[in-house]
Amino acid sequence: MQGNQVGAAESGKLQELTKKQLLELEREKKSKLQRWMDLVIWLLPFLGGLAAVLEYTQIPDNSMNRNPNTYLGFLLILIVCYAAYCVVSVAALTKGNRDMIDQQRYRAPLFTALFLLFAIYDYLTLKTGILTQPFVPCLNFVLNAAWTDRAMLLDCTVHTLMLLFLGYFIGVAVGLVTGITCGYSKRCRYWVDPIIKFLGPIPTSTWIPIMMVIASSLFGGAVFIIALGSWFAVTVAAMTGISNVDAEYFEAAKTLGASNRQLVFRVAIPHAMPSIFQGCTQAMSSSCTAIMIAEMLGVKSGLGWYMNWSKSWASYDKMFAALFVICFIFTVVTKSLEAIKRHVLRWQVGVEK
């Protein structure tokens, strides 16, 4: 009797172990050499940042470089940010949390490569002129241009984000309704599927000249184009995901007395969520492409318009500044979608690492 109680207590302790604790128990012990290699890789970004600083300060410039301290300050800020990341990771490690330091060890080579890429780009532009300026401006020129024209850049960024999210969310919302309805109902799919097959092969950018003619406003036309591309991607993904749900799940739910509403919201949609999120990611990619083309061709504000306007005035430093802002925004948006996906699908095996 006492042995059974001890066994039950040990079983209860095992059930109380979290996923992180189980992974910690399964973690293989590293050798001394492996630990030293991890430390070297962990410190590599500092060496990459130092190389970028020395390249910028010690190699003579090939052309005039106004306000030279801007880029140097930018590099130092990045190095300080990485140092702060190191401090936070070590602090978390002392409390028994290895997640941050493991993530930093994984990302350290990428941070190092980023610093080296900055150094190589600066060497090819400012130091040697292999990439001809001002057509390919150095990073210091780009940073100075962004700071000088920051008010206009900020206004264009706000306009781009407003246009992007308005069209994207309208397209995703309508696409979810269409895709879920068509995936669950064969009768609805009979009528909608030909429309999808007809519109699917047509690139989103093809609609831009048409919208410029028939739309009452260029802003409304751009929203329609972005929403159209998002609608198609989400509709196809949701319809495919729900269509691929095993029929046995529906039969089991019906046996337990589930209504049609419960079959849709408790069975079909949860099982189709991975496919739906994949469609949302594709929709964001389509939206980013469509918004840049729409702003360059017709809309009178936004980062795409700003790039086209800067090019017409041969202000290539401003054009590159807008390009970097676009890359930064779309990277943040994509990472945010991935974070939402990991949180919603945390039950899925292999999603959360």
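Let's start with a pair of side chains: D149 and K318 meet in a salt bridge, with N and O 4.0 Å apart. This pair links distant parts of the chain, since D149 sits in the loop between α6 (139-148) and α7, K318 sits in helix α14 (residues 316-344), and 169 residues separate them in sequence. D149 counts as buried, at 14% relative accessibility, while K318 counts as partly exposed, at 22%. Keep in mind that this is a predicted model.

Now for the wider view. The chain has 14 helices and 0 strands. Of its 353 residues, 36% count as buried.

Back to the salt bridges: a search of the whole structure turns up 5 of them. Here are three, including the one we began with.

| Salt bridge | N to O distance | Places in the chain | Separation in sequence |
|---|---|---|---|
| D149 and K318 | 4.0 Å | loop between α6 and α7; helix α14 | 169 residues |
| R105 and D38 | 2.8 Å | helix α5; helix α3 | 67 residues |
| K127 and D61 | 2.6 Å | helix α5; loop between α3 and α4 | 66 residues |

Take R105 and D38, whose closest N and O atoms are 2.8 Å apart. The pair links helix α5 (residues 99-127) with helix α3. R105 is partly exposed, with a relative accessible area of 28%. D38 has 18%, and because buried means under 20%, D38 counts as buried.

Then there's K127 with D61, another salt bridge. K127 lies in helix α5 and D61 in a loop, so the pair ties together parts that are 66 residues apart in sequence. K127 is buried, at 6% relative accessibility, whereas D61 is partly exposed, at 38%.

Helix α3 (residues 32-58) also holds L39. Together with W36 and L43, L39 forms a nonpolar patch on the surface, and the three share about 290 Å² of accessible area. L39 itself is partly exposed, with a relative accessible area of 34%.

Next, look at how two helices meet. Helix α7 (residues 150-184) packs against helix α10 (residues 218-243) at an angle of about 35 degrees, and their axes are 6 Å apart. The crossing is right-handed. Sorted by class, the contact has 22 nonpolar residues, 10 polar ones and no charged ones.

One last stop on helix α7 is Y184. At 31% relative accessibility, Y184 counts as partly exposed. Its C-alpha atom is separated by 7.5 Å from that of V264, although the two residues are 80 residues apart along the chain.

Conventions:
Residues are numbered from 1 along each chain as its sequence is written. This is a predicted model: local features need pLDDT of at least 70, side-chain atom pairs count only at pLDDT 80 or more; totals for chains, interfaces and linings use all residues. Side-chain values use heavy atoms; hydrogens and water are left out. Axes are lines fitted to C-alpha atoms, for helices over the stretch in contact, and angles run from 0 to 180 degrees between N-to-C directions. A crossing is left-handed if the near helix is turned anticlockwise from the far one by less than a right angle, and right-handed if clockwise. Ala, Val, Leu, Ile, Met, Phe, Trp, Tyr, Cys and Pro count as nonpolar, Asp, Glu, Lys and Arg as charged, and the others, Gly among them, as polar. Patches are made of residues with over 30% relative accessible area and no salt bridge: like charges are joined within 9 Å, nonpolar side chains (Val, Leu, Ile, Met, Phe, Trp, Tyr) within 5 Å. Accessible areas come from the Shrake-Rupley method with a 1.4 Å probe; for residues, only the protein chains shown count as cover. Buried means under 20% relative accessible area, exposed over 50%, partly exposed in between (1.4 Å probe, protein chains only).
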